[in-house]
Amino acid sequence: MKVDVLSRKGPEMKFSVDGVKPAFASALRRIMISEVPTMAIEFVDFKKNDSALTDEIMANRMGMIPLTFDPKAYSLPGECKCEGKGCSSCQVTLVLKKKGPCVVYSGDMKSTDRSVRPVHDKIPITELFVKDEEVQLEAVAQLGRGRDHAKWQGAVVGYKVEDNKKDSFVFNVESISGIEVDELVSRSAELLETKFDEFGKAVKKLK
Ligand SMILES: [Zn+2]
């Protein structure tokens with residue numbers, strides 16, 4: 001197998017993989033989209049919401065905001081030492097307090113961890129039209145996978161077979177989450193390896 005990075009710009013990366021079967025290319029694509037853990041808001045506790053949007057719609061919008069994070073610092077809740085109860089290794093709190101009239105943006109959320117913040121600061125969450133209208137809330141973000149909910153989808157990925165070569169593929173990857181695109185690609189390769197490993201062990205047990 002031979003891998004060459006053809007280009008890398010911002011959240012986008014293009015690379016070729018030579019000497020693999022179509023099934024491998026497909027598996028790699030699926031892992032990049034739906035298996036690599038990313039950070040998103042999962043719970044929102046509203047103290048005050050005078051905006052025109054209901055709590056549910058606002059919480060849904062906030063869930064879709066991509067967040068950066070330190071991959072070494074956080075575990076998936078199901079794999080955390082707290083056994084999913086929630087602790088500083090699997091959850092991070094973001095606080096939002098704003099008074100109108102104004103537009104409330106993603107960048108107005110104050111995170112308790114510097115590594116966790118919105119990828120883009122100018123994503124509108126809601127608008128407060130009248131003076132003294134208020135939004136006050138606490139949001140909890142955690143790692144998750146795209147296969148559980150689209151808000152955790154790591155990337156948009158496509159690939160094509162290289163001209164006249166059956167075993168050569170060119171991948172186009174765009175990270176749409178808070179994980180850097182090269183980190184996402186290397187994490188996918190690791191995950192694929194772990195899966196083969198687990199499969200191998202399971203097969204051995206059958207004997
Ligand atoms: Zn935990």
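**A zinc site and its surrounding chain**

Not counting residues up to four places away in sequence, Arg147 touches Ser34 and Glu35. Contact here means heavy atoms within 4.5 Å. Arg147 sits in the loop between E8 and strand E9 (155-161). Helices (H or I, at least four residues) and strands (E, at least two) are DSSP runs, numbered from the N terminus. Arg147 is partly exposed, at a relative accessible area of 47%. The scale is simple: buried means under 20% relative accessible area, exposed over 50%, partly exposed in between (1.4 Å probe, protein chains only). The C-alpha atoms of Arg147 and Lys204 are separated by 28 Å, with their positions 57 residues apart along the chain.

This is a predicted model: local features need pLDDT of at least 70, side-chain atom pairs count only at pLDDT 80 or more, and totals for chains, interfaces and linings use all residues. Residues are numbered from 1 along each chain as its sequence is written, and side-chain values use heavy atoms, with hydrogens and water left out.

Now the whole chain. Its secondary structure comes to 3 helices and 10 strands. Along the sequence the order is β-β-α-β-α-β-β-β-β-β-β-β-α. The C-alpha trace spans about 65 × 40 × 25 Å along its principal axes. Of the 207 residues, 40% are buried. Take the contacts between residues at least 6 apart in sequence: 67% of them join residues at least 24 apart.

Next, the metal. Four sulfur atoms coordinate the zinc ion: SG of Cys80, Cys82, Cys87 and Cys90, at 2.3 to 2.4 Å. Donors are N, O and S atoms within 2.8 Å of the metal (3.2 Å for Na, K and Ca); water is not among the atoms, so sites may look incomplete. The donor residues follow the spacing C-x1-C-x4-C-x2-C. Angles among the 4 donor atoms run from 99 to 119 degrees, and the site is tetrahedral. Four donors earn that label if all angles lie between 85 and 135 degrees. The ideal angle for four tetrahedral donors is 109.5 degrees. Two of the ligands can be placed by accessibility. Cys82 is buried at 13%, and Cys90 is buried at 1%.

Glu83 lies in the loop between helix H2 (55-63) and E4. Its phi is positive, about 60 degrees, although Glu83 is not a glycine. Glu83 is exposed, with a relative accessible area of 67%.

Other backbone features follow. A cis peptide bond joins Gly100 and Pro101, with omega about 0 degrees. Pro101 lies in the loop between strand E4 (92-99) and strand E5 (102-105). Asp132 also has a positive phi, near 75 degrees, in a residue other than glycine. Asp132 belongs to the loop between strand E7 (124-128) and E8. At 44% relative accessibility, Asp132 counts as partly exposed.

Glu134 is in strand E8 (residues 134-144). Glu134 is buried, at 14%. Leaving aside neighbours within four places in sequence, Glu134 is in contact with residues including Lys48, Asp50, Lys98 and Lys99.

Last comes Met13, in strand E2 (residues 12-18). Met13 is buried, with a relative accessible area of 9%. Beyond four places in sequence, its contacts include Val5, Phe171, Val173, Val181 and Val185. The C-alpha atoms of Met13 and Lys85 are separated by 37 Å, and the two residues are 72 apart along the chain.

Terms used
Tetrahedral: all angles 85-135°; square planar, octahedral: opposite > 155°, others 65-115°.
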